[in-house]
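User: I am new to this structure and would like a close look at a single part. Please walk me through one helix and what surrounds it.

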Amino acid sequence: MAGTMEEGCSVGLQGASKPSMSVSSPGHVQLNGGTGNHVFSGDFILLGLFSFFHTSLVFFSFIFIIFIVTVTENTAIIFLICRDSQLHTPVYFLLRYLSFMDILHSCNTVPQIVSDFLSGSRIISFAGCGFQIFLSLTLLGGECLLLASMFYDPYVAICHPLCLTLMNDDVSLFMATGSWLVGKVNSIVHIAYALHFPFCGSRAIDHFFCEVPAMLKLSCVDTTHYEQGVYISGIIFLLIPCSLIFASYVQILLTVLQIKSSEAWKKLFSTCSVHMIVVIMYYGPFLFTYLRPKSYHLPVQDKLLSVLYTILTPLLNPMIHSL
């Protein structure tokens, strides 16, 4: 399958209906096949998650099932917390908010994968790409801060049991609202810069959704200053919360060491080890994606890392936090 490039560069894609696409000029994407030829000004092409058509149906089915399970279990968590008055506590309020963010996270990426696979047209509009980046960065930034807020409760409960009154409904509401607002402000700033860069030549994004690191490769201008801003955001939303979480668990470990109870030890390690899996699965790929220079990004590597924090983590969060 081949697409026709009017200026000498072609982009071939495979999908369910196998249409052909070409980028005729900077800002114009042409789709050939189906009922006719259509030219979209300023659109992007998502090359997708699946590289080979004969195996993509298996992976597509697997991801679609994960999506259904993710939405179902997170909805169930929200419903149960709202229904049971005994769960109307600050910690479960944050867990409910986290489940809501995980649903949005999955809905921001997986439906795009489904649509691209079934239609064969992997084109996304400039506005659609901008909205996807906005929601993705808002949720990623907000969830990083929210996870750090959730780890504050076990730290206070174990290390400062007399200060439990610090964690009340007002504090949890402030944490949830604050994480959302700060994430939104960060997202707006990044969109204002990332979508302002001129994109020369091909508009084919080698990813399954619009993500800033993948889009920077399409820019024909120097993005060094913007990348420095990305590193600053990474420190604020990733390194600092992750460091606070690890520091709190070190303090928890030191506190429990003073308790001569095998039962307390077992409960600590069963709970903390599971929670640390969430931290590593979420913060690890995120750190590796956003704190590397543009030249070190490999498409396959970026896609696999993105799968971890956009598809698998929302699936595992309800299971892990329900333990």
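Analyst: Start at L244, which lies in helix 7, residues 224–257. Note that this is a predicted model. L244 is exposed, because its relative accessible area is 54% and over 50% counts as exposed. L244 belongs to a nonpolar patch on the surface. The other members are I232, I235, I236, L239 and I240. Together the six residues have about 530 Å² of accessible area.

Now look at the cavities. A search of the whole structure finds three of 30 Å³ or more. The largest holds about 130 Å³ of space. Which helix gives the most to the lining of this largest cavity? Helix 7 does, with five residues. Helix 3 (126–150), helix 5 (169–194) and helix 8 (262–290) each supply at least two residues as well. The lining includes V230, S233, G234, F237 and L238. L137, G141, N186, H190, F286 and Y290 also line this cavity. By class, the lining of the largest cavity has six nonpolar residues, five polar and no charged.

The second largest cavity has a volume of about 100 Å³. It is lined by 12 residues. The closest to its centre are P213, L216, V230, R292 and H297. V230 is also named in the lining of the largest cavity. Helix 7 contributes here too: along with helix 6 (212–216) and helix 8, helix 7 gives two or more residues to the lining of the second largest cavity. What classes of residue line the second largest cavity? Seven are nonpolar, two polar and three charged.

Step beyond the cavities to helix 6 and the loop before it. The structure has one salt bridge by count. K303 forms it with D206. Their closest N and O atoms are 2.9 Å apart. K303 lies in helix 9, residues 299–321. D206 lies in the loop between strand 6 (204–205) and helix 6. The pair therefore ties together parts that are 97 residues apart in sequence. Are the two partners buried or exposed? K303 counts as buried, because its relative accessibility is 9% and the limit for buried is under 20%. D206 counts as partly exposed, at 29% relative accessibility.

Back to helix 7, to pull the picture together. L244 of helix 7 is part of the nonpolar surface patch. Helix 7 also gives five residues to the lining of the largest cavity. The lining of the second largest cavity takes two or more from helix 7.

Key: Residues are numbered from 1 along each chain as its sequence is written. This is a predicted model: local features need pLDDT of at least 70, side-chain atom pairs count only at pLDDT 80 or more; totals for chains, interfaces and linings use all residues. Side-chain values use heavy atoms; hydrogens and water are left out. Patches are made of residues with over 30% relative accessible area and no salt bridge: like charges are joined within 9 Å, nonpolar side chains (Val, Leu, Ile, Met, Phe, Trp, Tyr) within 5 Å. Accessible areas come from the Shrake-Rupley method with a 1.4 Å probe; for residues, only the protein chains shown count as cover. A salt bridge is a side-chain nitrogen of Lys or Arg within 4 Å of a carboxyl oxygen of Asp or Glu. Helices (H or I, at least four residues) and strands (E, at least two) are DSSP runs, numbered from the N terminus. Buried means under 20% relative accessible area, exposed over 50%, partly exposed in between (1.4 Å probe, protein chains only). On a 1 Å grid over the protein atoms alone, a cavity is a set of points where a 1.4 Å probe fits but cannot get out, and a pocket is an open set with protein on both sides within 12 Å along at least five of seven lines; lining residues have an atom within 4 Å of a point. Grid points are joined across faces, edges and corners, and a volume is the space filled by probe spheres set on the points. Ala, Val, Leu, Ile, Met, Phe, Trp, Tyr, Cys and Pro count as nonpolar, Asp, Glu, Lys and Arg as charged, and the others, Gly among them, as polar.
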